[in-house]
Amino acid sequence: MKRTRFRAIALALVATVVVAAAIVASAAARTHATTITYWNTMNDEETVTVKSLISQFTSQTGINVEIVQVPFDQRDAKFTTASQAGKGPDVMRAEIADVANWGSKGFLSDITAKVTAKDKADFLPAAFAYYNYAGKVWGLPQAPDALTIFYNKALFKKAGIKPTALPKTLPALNQTCAKFPAKQGIFLRADSYWVQPWVWGYGGGLINPATKQILIANKQSVAGMDAYKSLFSAKCAFPNKDFSNDYGNAQTAFKNGQVAMIVNGPWSTADILQGPAFKSSSNLGVLVIPKGPGGKQGSPVGGNGFVIGKGTSDFEASWKFISFMTSGTAQAAFAAKNNLLPSRKSSYALPAVKSNRLIGAFLPQMNVATARPVLPQGGQIYSDFGPNVQKILNGQATAKSGLATVAAAWKLKLFPDYTIVK
Amino acid sequence: MSSTGATPPVLAPPRKRAGQGSRRVRPWYMSAVLHGSLVVATIIAIFPVFWIGISSFKPRDEIINSPTLNVWPDNWTWSNYSDVISANDYEFLHWFGNSALIAVLTTIVGVFLSATAGYALSRYRFPGYRTALNSFLVTQMFPAAIIIVPIYQIITSLNLIDSQLGLLLAYSTVAVPFCTWMLKGYFDTIPISLEEAGRIDGLTPFGTFWRIVMPLSTPGLAVTCFYTFITAWNEVAFANIILLSPDKYTLPVGLRTYVFQFDQAWEKLTAGAMLVTIPAVLVFLFAQRYLVSGLTRGGVKG
Amino acid sequence: MTTTDKTLPAPGLRGRGGPSLGERLRRSFGRWWFAYAMLLPVFVVMGLLVFYPLGRGIYYSFTNADQYNALNPLQPSTYKWIGIDNYTRILKSQEFRDVLGFTAIWTFVNVFFHFTLGLALALALNRTLKFRGTYRMLLLVPWAVPSFISAFAWRFMFNNPYGFLDQFLIKLGWETPPAFLGDPTWAKFAVITTNVWLGVPFMMVALLGGLQAIDSDLLDAAAVDGANAWQRFWSVTLPGLRPVAATVILLGLIWTFNMFNVIYLVTGGGPGTSTQILATYAYQNAFDFKLYGVATAYGVIILSILLVFSQFYRYTVKRMGEETWS
């Protein structure tokens with residue numbers, strides 16, 4: 001009697017699981033008109049713009065777009081594993097470093113044939129470079145960006161810095177900072193991405209794929225790192241002691257008018273303008289990151305764009321979608337509502353973009369920005385770069401030894417056949 | 001931990017729970033110390049959650065901009081909750097349903113599997129016993145972040161990717177070894193004499209398990225249920241990789257989408273966190289009375 | 001404590017001596033069929049989802065598998081066997097040893113506090129007490145919140161200078177409060193505090209369940225014999241708790257050793273590498289680069305350390321007189 005009871009319970013359990021799975025599976029099967037899936041990695045405010053653009057797109061073309069929100073830091077893991085399982089999305093929003101990476105692994109559809117020469121010429125070269133890999137075009141750039149210096153005009157006025165006397169070299173930047181009371185000049189992050197403008201400004205570099213060299217440990221890079229460190233620990237700099245939270249802290253300090261300058265990109269303007277010190281948006285100034293002593297200047301070009309998955313169910317529909325999302329209409333919408341820079345040269349002439357003061361202010365920075373090398377490993381260099389920069393800024397390592405460690409790690413893990421330049 | 005040798009089986013009055021019964025009345029200063037320390041512990045336990053909760057009633061810029069010691073909101077708002085729940089056609093309710101389904105199924109499957117396995121490992125010294133015990137332990141030793149790739153591949157090859165069944169399988173693998181060890185520990189504390197008495201009365205092996213041992217192990221089972229439910233309810237790493245369609249997202253996966261490239265939607269994260277925590281607390285409330293010993297229920301002392 | 005035979009006779013036939021291997025296997029199955037039957041479902045699932053990937057993982061650790069030459073069905077697999085290269089590379093690095101050191105500290109300190117605080121709370125809650133149910137429920141709350149959100153909350157509480165803790169300390173008069181997440185030593189304190197906060201409720205509940213199994217007559221008898229509270233605790237309660245306590249401590253040690261979330265979300269292993277534990281270090285050093293061979297080598301190293309440790313642990317507990325482990 002007991003054994004049958006056991007069997008009965010076991011059967012009931014199996015039945016429950018099966019039924020539940022069936023319910024769930026059938027709920028997922030729907031009939032649909034042409035629908036493509038788009039994995040979105042944007043934040044809330046930008047997603048609002050995306051949704052309105054999607055409804056425009058659908059009413060124009062009749063193609064439905066199912067938008068799936070994916071956390072930005074999970075996008076690589078999710079896209080990679082889904083593509084390997086054959087369940088990737090039709091369209092993916094990719095960060096620039098992702099494109100070469102995913103393209104090299106066969107996860108993306110080749111769109112070289114679809115991109116006209118006119119289009120190619122229209123996209124900003126610094127932005128478009130990332131979408132070219134191994135002689136093929138893998139995607140379209142949506143919004144390039146670069147780091148720049150934001151400053152509080154009112155605080156500058158109070159410190160007696162005239163608008164015509166803004167610093168044009170990195171040493172001059174240190175002097176400008178010194179004009180402010182202690183801890184109120186600039187807030188520098190302890191993040192390796194943010195250190196790059198100083199490395200480039202002093203003539204250093206990261207890697208050179210053409211000559212197969214790792215440059216991060218050479219004399220100029222070390223000089224740049226030292227320069228960053230001296231400003232980081234200067235009396236006028238806000239004491240940044242919390243490396244996990246420093247992005248948010250820099251924003252908070254700047255927004256509340258506690259610090260006169262920060263280094264950040266165009267994506268942060270929406271957040272900055274909500275701060276008490278920038279109720280009037282004209283108070284926000286944009287300053288191109290100055291040149292180093294040798295006349296070199298740099299700021300890392302970043303950004304996001306759209307790619308089409310290899311296993312897409314409808315290539316044509318996906319192509320139409322990414323063309324639309326990078327068209328002038330879309331770029332004007334993103335510029336107006338989210339202060340994102342357009343990736344097309346022609347879009348800068350559009351009224352919505354032209355009237356955006358901040359975007360206009362960003363253009364000089366974009367023009368002197370440095371494109372990072374387009375390599376599949378391009379995004380992975382920061383895994384070792386980051387912790388070592390933290391050690392340098394914390395005093396746990398000197399710039400020379402810290403950067404040497406970085407170079408060794410890159411050679412070991414990413415570029416075994418490159419040479420390290422001392 | 002057992003009785004003192006052979007005693008004739010007689011019916012004895014039910015045992016009292018440890019902690020109850022004929023004790024001296026506690027002196028007032030002991031009470032004060034006891035309550036005092038519990039209050040301190042409770043404050044420490046609650047405070048971060050309280051902080052999350054109180055922030056969920058603040059508008060976004062207040063969470064970020066106002067000085068942190070302003071704990072109480074200046075502009076009390078319910079809009080974070082309404083925004084989270086109603087976003088995207090009430091997809092939050094889908095997430096909730098998915099989470100509930102997965103958590104309940106995982107608990108049922110997980111507890112059942114680990115109870116039977118734990119019992120077998122507790123009572124029987126069969127050949128291969130030690131290997132079995134060790135192998136459960138070994139499954140806990142490989143870091144989850146590394147084993148996630150092979151597990152993902154297996155689930156893909158079984159074509160269970162983007163399905164709740166795949167997730168259920170993954171969660172069972174995580175929960176069952178742990179729970180088996182725990183339940184074995186609890187089963188070990190139950191005197192064998194009770195089962196022997198049951199056998200004498202004619203019960204099958206499964207019968208003694210189901211009718212004698214299980215009811216007496218309600219505390220251990222309650223702990224195991226808590227653990228399995230909470231693991232499934234709050235798990236995010238496996239769910240993020242396995243679930244690809246938004247209508248299958250569980251609550252933690254959905255909440256994770258509020259973490260953006262450079263910042264987080266604090267107002268939504270805090271509101272979402274509260275909405276996720278409350279059902280878990282309710283499950284605790286319901287199940288915590290089972291933390292009472294089953295030994296008081298009509299035991300045969302022997 | 002008298003030891004009684006804690007095992008049940010095998011259900012089924014009793015065999016005689018002298019049979020062949022096949023016969024012995026059949027008899028063995030006949031004797032223990034019930035145990036095998038109860039374990040079978042678990043082992044099928046485990047075999048498929050754990051042992052097989054584990055085996056494959058161990059195999060990969062001897063190869064140079066990475067994202068470009070392996071595990072991508074869309075591209076050919078060209079990874080090669082490289083023997084113990086991954087292992088020698090990992091074990092030779094000084095940083096590995098530093099990380100291993102902190103992992104040991106992290107594990108033992110965490111479990112020490114989990115157990116002592118959990119036991120103290122369980123003992124307190126095991127008495128008749130006004131508001132006991134309320135206390136119990138509130139003390140379980142840290143367990144109920146999704147851990148990634150708690151980690152974010154603690155990360156914000158430790159924020160320097162805007163977080164709650166530093167602001168509170170400033171109010172109390174400490175002008176430059178510690179940078180919990182920026183100072184290599186304080187960061188260790190911060191992550192340990194967060195993990196202790198997260199882990200105590202579970203330990204408390206597990207031990208509370210274990211306390212229920214202790215026969216209160218024994219405690220009463222000890223009281224009658226004149227033992228005070230401490231002596232009763234030491235000679236009745238603790239031994240009675242041993243099966244449950246030994247189990248949850250071992251599991252807690254293994255679990256804490258591999259705890260990924262807290263470190264990753266609160267400090268990311270920083271500043272620098274001062275709060276890296278083996279699990280997060282392996283993730284950052286290998287998994288992030290999708291160097292699958294290296295990642296699984298780390299996994300095997302972690303597994304070996306824990307296996308050796310658990311054997312040592314069981315031996316120690318056995319010497320303390322716990323039959324469960326024999």
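**Figure 1. Strand β7 of chain A and its two partner strands in the predicted model.** Ile149(A) stands opposite Leu287(A), a residue of strand β12(A). The strands β7(A) and β12(A), the latter spanning residues 284–287, run antiparallel and are joined by four bridges. Strand β11(A), residues 261–264, is likewise antiparallel to β7(A) and is joined to it by four bridges. Within β11(A), Ile262(A) is the bridge partner of Phe150(A).

**Figure 2. Burial of the residues of strand β7 of chain A.** Which residues point one way from β7(A), and which the other way? Thr148(A), Phe150(A) and Asn152(A) point one way, whereas Ile149(A) and Tyr151(A) point the other way. All of these residues are buried. Because five of the five residues of β7(A), residues 148–152, are buried, the strand is largely enclosed by the rest of the structure.

**Figure 3. A three-stranded open sheet in chain A.** The strands follow the order β9-β10-β14, and their pairing is mixed. The edge positions are held by β9(A), residues 207–208, and β14(A), residues 419–420. Each edge strand has a single partner strand, so one side of each is left without a neighbour in the sheet. Strands β9(A) and β10(A), the latter comprising residues 213–214, run antiparallel and are joined by two bridges. Gln213(A) in β10(A) is the bridge partner of Asn208(A).

**Figure 4. The environment of Thr250 in chain B.** Thr250(B) lies in the loop between helices α10 (237–242) and α11 (251–256) of chain B. Is this residue buried or exposed? Thr250(B) has a relative accessibility of 3% and therefore counts as buried, the limit for that class being under 20%. Leaving aside residues up to four places away in sequence, Thr250(B) touches Trp95(B), Asn98(B), Ser99(B), Leu167(B), Glu235(B), Ala239(B) and Leu243(B).

**Figure 5. The contact between chain A and chain C.** In this view, 33 residues of chain A are in contact with 34 residues of chain C. Lys105(A), Lys241(A) and Lys413(A) supply 21% of the area that chain A buries against chain C, more than any other three residues. The area buried between the two chains is about 2,800 Å², and carbon and sulfur atoms give 46% of it.

**Figure 6. Polar features and contributing helices where chain A meets chain C.** Two salt bridges are counted between chain A and chain C. One of them joins the side chains of Lys391(A) and Glu95(C), with an N to O distance of 3.3 Å. There are also 14 residue pairs in polar contact between these chains, both residues being at pLDDT 80 or more. The elements of chain A that give two or more residues to this side are α3 (75–84), α4 (96–104), α11 (246–255), α17 (382–394) and α18 (399–413). Helix α17(A) gives the most, with six residues. The residues on this side of chain A divide into eight nonpolar, 17 polar and eight charged.

**Figure 7. The contact between chain B and chain C.** The area buried between these chains is about 10,600 Å², of which carbon and sulfur atoms give 74%. Helix α1 of chain B, residues 28–55, gives the most to the side of chain B that touches chain C, with 14 residues. That side divides into 76 nonpolar, 25 polar and 16 charged residues. How many salt bridges are counted between chain B and chain C? The count is zero, while eight residue pairs are in polar contact, both residues being at pLDDT 80 or more. The contact takes 117 residues from chain B and 115 residues from chain C.

Conventions:
Residues are numbered from 1 along each chain as its sequence is written. Chains are lettered from A and ligands numbered from 1 in the order in which they are written. This is a predicted model: local features need pLDDT of at least 70, side-chain atom pairs count only at pLDDT 80 or more; totals for chains, interfaces and linings use all residues. Side-chain values use heavy atoms; hydrogens and water are left out. Contact means heavy atoms within 4.5 Å. Buried area is the accessible area (1.4 Å probe) that two parts lose on being put together, summed over both. A salt bridge is a side-chain nitrogen of Lys or Arg within 4 Å of a carboxyl oxygen of Asp or Glu. A polar contact is a pair of N or O atoms within 3.5 Å; within protein, one must be able to donate a hydrogen and the other to accept it, and residues adjacent in sequence count only if both atoms are side-chain atoms. Ala, Val, Leu, Ile, Met, Phe, Trp, Tyr, Cys and Pro count as nonpolar, Asp, Glu, Lys and Arg as charged, and the others, Gly among them, as polar. Buried means under 20% relative accessible area, exposed over 50%, partly exposed in between (1.4 Å probe, protein chains only). Two strands pair if DSSP finds at least two bridges between them.
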